[in-house]
Amino acid sequence: MSSSNASVDVQIIGGGPVGLACAAWCLQKFPELSLHLIDRNPQNDSDIVASDTRGIALSHGSKLLLDTINAWPSDSCAIHSVHVSHVGQFGRALMTREELGQEALGHIVRYRGIHLALRESLRQLQKKAPHFVWQHTGSDEVQDRSRARCIVHAEGGLFTQQDWVESGRDYQQSALVGLVEVENAQAHHAWERFTSEGPLALLPSHHGSNVLNMVWCSSPTTAERLNGISDADFLHELQSTFGSRVGQFKSIRDRRLYPLGLNYRKEIVQGNEVWIGNAAQALHPVAGQGLNLGLRDAYLLAEQLSDLFSKQTHVTKSRNAIDNTLYEYSLSRQADRKATIGITDFLARVFTSPLAPVIAARGAALSLLQWLPPVKTGLARQMMFGRR
Ligand SMILES: Cc1cc2nc3c(=O)[nH]c(=O)nc-3n(C[C@H](O)[C@H](O)[C@H](O)COP(=O)(O)OP(=O)(O)OC[C@H]3O[C@@H](n4cnc5c(N)ncnc54)[C@H](O)[C@@H]3O)c2cc1C
């Protein structure tokens, strides 16, 4: 590509949460930016309203970022405490917002809720952005990349659906998600229970304290079986795996399966192209970090791009200046990516291992976490705000 005949400064490919957030922050910081967003989702929201209802845990840090563009979904629920334990083993840890001195440890939103809120935020910013083009394309449409000075990849995707594989790990895990109604849950409280096959999380929802978002990770065979059995059989298995801490499990709806694994790019920049969000790294949801990390990618990239292009000189639009800016961006993301990918991979491996010494060690680690507050708060802060 020659930057001299390019007709758009920035092209973002992918209209998922991370691509939309990046576009919105770019325009908020520099409304005059010549920006092209390629979105496979139709202009009308109706498909998204009817789609992905999975609960997503967003950190308080992500909420603060999204608040800057009025993109916080109305149907969210704050987490005030998290209880981590181990089925059939010793060791447990409890984390509360008071210990961390924060308003909330995190928030549960739905994928579609965050998607819709970001679309609406971008529509508002679009009104004052004369050089922004939001193009809705079909999935098989060929995209012209020769017209852009800088290309941002935000195509996202789930682990086994990505058309690139670089570094990573197949944990042989799938997640079964759904909404469960229980008899007696504590409001704003989240449970993470480690089973012999993987983590089982019950997270609060905006539907009231007795309706919880379930994310149950297990081997793909088990997950598929659990997805196929009747509601009554499913609730019976869930009850015997989770136990009685929330009383009786009364109903389950919206069961959906997701493949899980780790796939990440070592290099997130190549010349004038940059990869963010799941297009840069797909993570196991054990620590609820994928979208949080992707939003930090989007925010920091938007800051650098808007700063570069707002100078509006010939030099700042040169290929060299763009390549250098992206290179600087990739350096600035190294520590956060490394820590978040590393912690998530560690937890996913430790909490899915069937080996007896590992099982004993993880019980001890949970107790240690409980009795060493600085370690607990240090870990929680990394999860809430990332490494800057
Ligand atoms: C079961 C499960 C639970 C999770 N829980 C959490 C959690 O609790 N907390 C958390 O932070 N994260 C969580 N995640 C991770 C989170 O869902 C992802 O990190 C997040 O969706 C990434 O957003 P994205 O925009 O990068 O990608 P995506 O959400 O995959 O969106 C990408 C978009 O780009 C579009 N697209 C693809 N190719 C093209 C193209 N060529 N042109 C145009 N458009 C294109 C797609 O149609 C899609 O709309 C979870 C994931 C799973 C599977």
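Student: In this predicted model, which residue of β17 is the bridge partner of N263?

Tutor: The partner is A282 in β17. N263 belongs to strand β14, residues 249-264.

Student: How do β14 and β17 run, and how many bridges join them?

Tutor: They run antiparallel, and 2 bridges join them.

Student: What order do the strands of this sheet have?

Tutor: The order is β6-β5-β11-β12-β13-β10-β14-β17. This is an open sheet of 8 strands with mixed pairing. The edge strands are β6 (92-96) and β17 (281-282), and each pairs on one side only.

Student: Which helices pack on the sheet?

Tutor: Helix α6, residues 220-228, packs there and touches β10, β13 and β14. Its direction makes about 25 degrees with that of β10. Helix α7, residues 231-242, packs on the sheet too. It touches β10, β11, β12 and β14. The direction of α7 makes about 70 degrees with that of β14.

Student: Now for β2. Is this strand covered, and how many of its residues are buried?

Tutor: Strand β2 spans residues 35-39, and 5 of its 5 residues are buried. To read this, count neighbours: a residue is buried if 20 or more other C-beta atoms lie within 10 Å of its own.

Student: Which residues of β2 point which way?

Tutor: L35, L37 and D39 point one way, while H36 and I38 point the other way.

Student: In which sense does β2 pair with β1 and with β8?

Tutor: β1 (residues 8-13) and β2 pair in the parallel sense over 4 bridges. V10 stands opposite L35. Between these strands the chain passes through helix α1, residues 17-29, and the β-α-β crossover is right-handed. β2 and β8 (residues 132-136) also pair in the parallel sense, over 5 bridges. There, D39 has H136 as its bridge partner.

Notes:
Residues numbered from 1 in each chain as written. Predicted model: local features only at pLDDT ≥ 70, side-chain atom pairs only at ≥ 80, totals over all residues. Buried ≥ 20, exposed ≤ 12 C-beta atoms within 10 Å, placed from the backbone. Pairing = 2+ DSSP bridges. Right-handed = clockwise from strand over helix to strand, strands pointing away. Contact = placed C-beta atoms within 7 Å. Axes fitted to C-alpha atoms, helices over the stretch in contact; angles between N-to-C directions.
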